[in-house]
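Visitor: Please take one part of this model and give me a close look at it, following the connections outward from there.

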Amino acid sequence: MIHCDGLVKIYKTADLEVFALQGLDLHIEDGELMAIIGNSGSGKSTLLNMLGGLDRPTAGTLTVDGKDMLKMTERERVRYKRHSVGFVWQNNARNLIPYLTALENVELPILLSGRRKRLRALELLESVGLMHRARNKLHQLSGGEQQRVAIAIALANQPRLLLADEPTGSVDSKMADQILDLFRELNRKLGITIVIVTHDPLLAKKVDRVVAIRDGKISSEMIRRKSYAEELEELERGIAQEEE
Ligand code: ADP
Ligand code: MG
């Protein structure tokens, strides 16, 4: 789905150049659930922004479904960003409206009207396990629940790729676990490709593949022998046989 080869990103400011990505190679398969870890300043957010079409690489190649991001027109890039990608951030407070209900917040970005809009919003709330909180104002929800609302919104345009930048950075570890479970469920049920940036090594262990970046390059990679999806299928099969 995504190929980065020798990806370079240089930020130029008035008096200095920052080499945020320095020849990064990464391949992401369709339907993967993966994590990117690395110290602060290693280039994680920069990479995620490139993958999501929020910004353009300086050099190298970045192809998405065979299309070269460096050769895309501005219009194609915006289209890709809007229709193919969903984003979740550490702190979504800026994008959510505290005095609207969870349902109203989810309805806002949906480009449908009337009953269709309502239906889609309810489906989204259901997919993140928040139906019972639909009527509550956002400020009445816990941090983890607010993060679920943000995830529902990220899914509003039915993206194929979900990018999450430190999505559990501002919640406690139990909440973080639940959010990761939700990502896994969405990955399995919707077949959506998910890339999570985190600096929590425990969390990173729970995905199918972990890539570590250092100084703007991939420094190591860990792949689970068996994906959670496979493990789940095996368990389900085993239990079904026992019950027969
Ligand atoms: P991480 O997300 O791993 O903490 P970032 O991708 O945010 O790292 O940053 C990588 C490097 O690029 C850092 O040195 C950071 O200061 C720099 N950087 C990030 N964004 C910008 C920007 N818009 N302008 C200038 N430098 C930036
Ligand atoms: Mg970052």
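Guide: For the residue classes used below, Ala, Val, Leu, Ile, Met, Phe, Trp, Tyr, Cys and Pro count as nonpolar, Asp, Glu, Lys and Arg as charged, and the others, Gly among them, as polar. The model is predicted, so local features need pLDDT of at least 70 and side-chain atom pairs count only at pLDDT 80 or more, while totals for chains, interfaces and linings use all residues. Residues are numbered from 1 along each chain as its sequence is written, with chains lettered from A and ligands numbered from 1 in the order in which they are written.

The shell around ligand 1 (C-beta atoms, placed from the backbone, within 6 Å of it) consists of Y11, T13, V18, A20, G38, S40, G41, S42, G43, K44, S45 and T46, and these divide into 8 polar residues, 3 nonpolar and 1 charged. Helix 1 (44-51) and strand 2 (17-28) each supply at least two of the shell residues, with helix 1 giving the most, namely 3; helices (H or I, at least four residues) and strands (E, at least two) are DSSP runs numbered from the N terminus.

Strand 2 leads from the ligand into an open sheet of 4 strands, ordered 2-1-4-5 with antiparallel pairing (at least two DSSP bridges between two strands). Strand 2 and strand 5 (67-68) stand at its edges, each with a single partner strand, so one side of each is left without a neighbour in the sheet. The partner of strand 2 is strand 1 (residues 2-12), joined to it by 9 antiparallel bridges, and within this pair H3 stands opposite H27.

Elsewhere in the model, strand 7 (161-165) can be followed in a similar way. Because 5 of the 5 residues of strand 7 are buried (20 or more other C-beta atoms within 10 Å of their own), the strand is largely enclosed by the rest of the structure, and both of its faces are covered, with L161, L163 and D165 on one side and L162 and A164 on the other. Strand 7 runs parallel to strand 6, with 4 bridges, and parallel to strand 8 (residues 193-197), with 5 bridges; L163 is the bridge partner of F87 and stands opposite V195 in strand 8.

Helix 5 (residues 143-154) is also mostly covered, with 10 of its 12 residues buried, and those buried residues pack against strand 7 as well as strand 6 (85-88), helix 3 (102-107), helix 4 (114-127) and helix 6 (173-190).

Notes: Expected span 1.5 Å × (residues − 1). Contact = placed C-beta atoms within 7 Å.
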